[in-house]
Amino acid sequence: MNMKLLHRKALYFFAMLMSVALVIGCGSGKDKTNDSDDIVTLDSLEIDEQLIQDVKAVKEIFYSLPSPLETAMILKQAGAKYNEELLNPTENSSRYLTNKSMALNLGIYTTDLSYASLFDQTQATINYMNVSKKMAEGLGILNAIDEDIIERLEVNINNRVAIMDIISETIMNSSSFFEENDRQALSSIVLVGGWIEGLYIATNLVGADANFNNNELISRIIDQKLTLGTVLNLLDENSDNEDVKNVMTNVNELKVIFDKIKITTSKIEPVIDEETNVTTLKSETRVSMSPATYNELKEKVKVIRSNYIL
Amino acid sequence: MKRIYQILIILTVLTLIPFYGNSQCKSFAKKVCKLELTPYIHDGNFNAAILTEGEDAELYKTFYAGQNYRIYICGSDALPEIEFQVLDVNRNVLYDNRKKDYSRLWDFKLESSQQLIISLRVKNSEGESYEIVSGCVAIMFGLKEDMD
């Protein structure tokens, strides 16, 4: 073979490899230092110029949504009961063929899995782990949920802490896979799917005769107004993706309703328990939401969720 | 021509380092950082990045009333101390680990749900050094069921 041609081909290969690696490398980072468009705006914040300057100087910015496990724990702590009829049936898993629907339903099924496990629903836990596995495999997430995890789940089925740890590992494997493979857009869709499922379960567990002024579950639903800004910021980071744009439209529809809810909070005072070394952040919050707004929210969540589960 | 190959190989290796770093970061967070959350359960979210001394990061998250949380800032051994603060939305400081001998963990709960900001910074190395140190930094959250 002509050596000159071989050298040229080798050089071409290196140049291509470098270009691809550089493009992916630059995209995967979250360096905000020189990007004038990346001003962080939180829905619940009135941000002054100094604050904007502070944030612009930060190298890495993370927007963290409640994980499916945290969502399930919030529901349980707020007094929710278990109702399997509210979960997305496992039989629906064969309907999800696109990346968007698999990502949304990975979030939805992982939330259902966490919810079932916290209420010691052993068979449902295994079933929802299996459909979560199916969604993860469909998205090409290698080893997020392997056979070993399913076996560990079965062995520890009566040990709730061990099961929660396995679910936590599953969620982490998925989220880190997306991060490592420059698929943050899909990762954000998974998180939104889980968030919507949490809202759907919560709004459907509130009884018709619930007292709006003294109901923990309603309080946690109202609290989602605080998370909404983080959801939008997370999606905005990936808004060049068409699927993310569609999901963002849904979240903005929810924002219109959440904007009708008023939340005011007093100054936060940290108080340390010297014995346990646990700090309590003491503050008082006042909220104002009409039953009509609550019903509007519940209905909108139902419509969005039914579009997601198909 | 040989020299061009050498330069290209060096550049390729340098370009691929961030990918290797990301993969190492996950392994580090999984094997080392998660253990420090015990007896809290890791929430499963992966918030980690390669930071160099002097660099900082911020995380925005809503924390819910009634939950017990542990924040653990996990940095590779090669890095200098990591400063971290917890701020409210008006950037009032609620916790500063510089007052706690650079403790990497903080346990807390809330009377009402709040959006908080976790702000961290890798300190610059002390003394004269020509080597710039960088390593994985993970922000981990642990949850615990309230037994009260």
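## Where chain A meets chain B

In this predicted model, 49 residues of chain B and 53 residues of chain A make up the contact between the two chains. Two residues are in contact if their C-beta atoms, placed from the backbone, lie within 7 Å. On chain B, the biggest giver to the side that touches chain A is α1(B), with 10 residues. Here is how the residues on that side of chain B divide, next to those of a helix contact inside chain A:

| Contact residues | Nonpolar | Polar | Charged |
|---|---|---|---|
| Side of chain B that touches chain A | 20 residues | 15 residues | 14 residues |
| α3(A) with α8(A) | four residues | three residues | no residues |

Ala, Val, Leu, Ile, Met, Phe, Trp, Tyr, Cys and Pro count as nonpolar, Asp, Glu, Lys and Arg as charged, and the others, Gly among them, as polar.

The chains also share strands: β4 (residues 278-282) of chain A pairs with β7(B) in the parallel sense over four bridges. Pairing takes at least two bridges found by DSSP. In this pair, Leu281(A) sits opposite Leu110(B).

Now for those helices. The axes of α3 (residues 68-77) and α8 (residues 184-205) of chain A come within 9 Å and cross at roughly 15°, so the two are roughly parallel (angles under 35 degrees count as that). Pro68(A), Thr71(A) and Leu75(A) of α3(A) meet Gly194(A), Gly198(A), Ile201(A) and Ala202(A) of α8(A).

Residues are numbered from 1 along each chain as its sequence is written, with chains lettered from A and ligands numbered from 1 in the order written. Local features need pLDDT of at least 70 and side-chain atom pairs count only at pLDDT 80 or more, while totals for chains, interfaces and linings use all residues.

Definitions and conventions:
Axes are lines fitted to C-alpha atoms, for helices over the stretch in contact, and angles run from 0 to 180 degrees between N-to-C directions. Angles under 35 degrees count as roughly parallel, over 145 as roughly antiparallel, 65 to 115 as roughly perpendicular and the rest as oblique.
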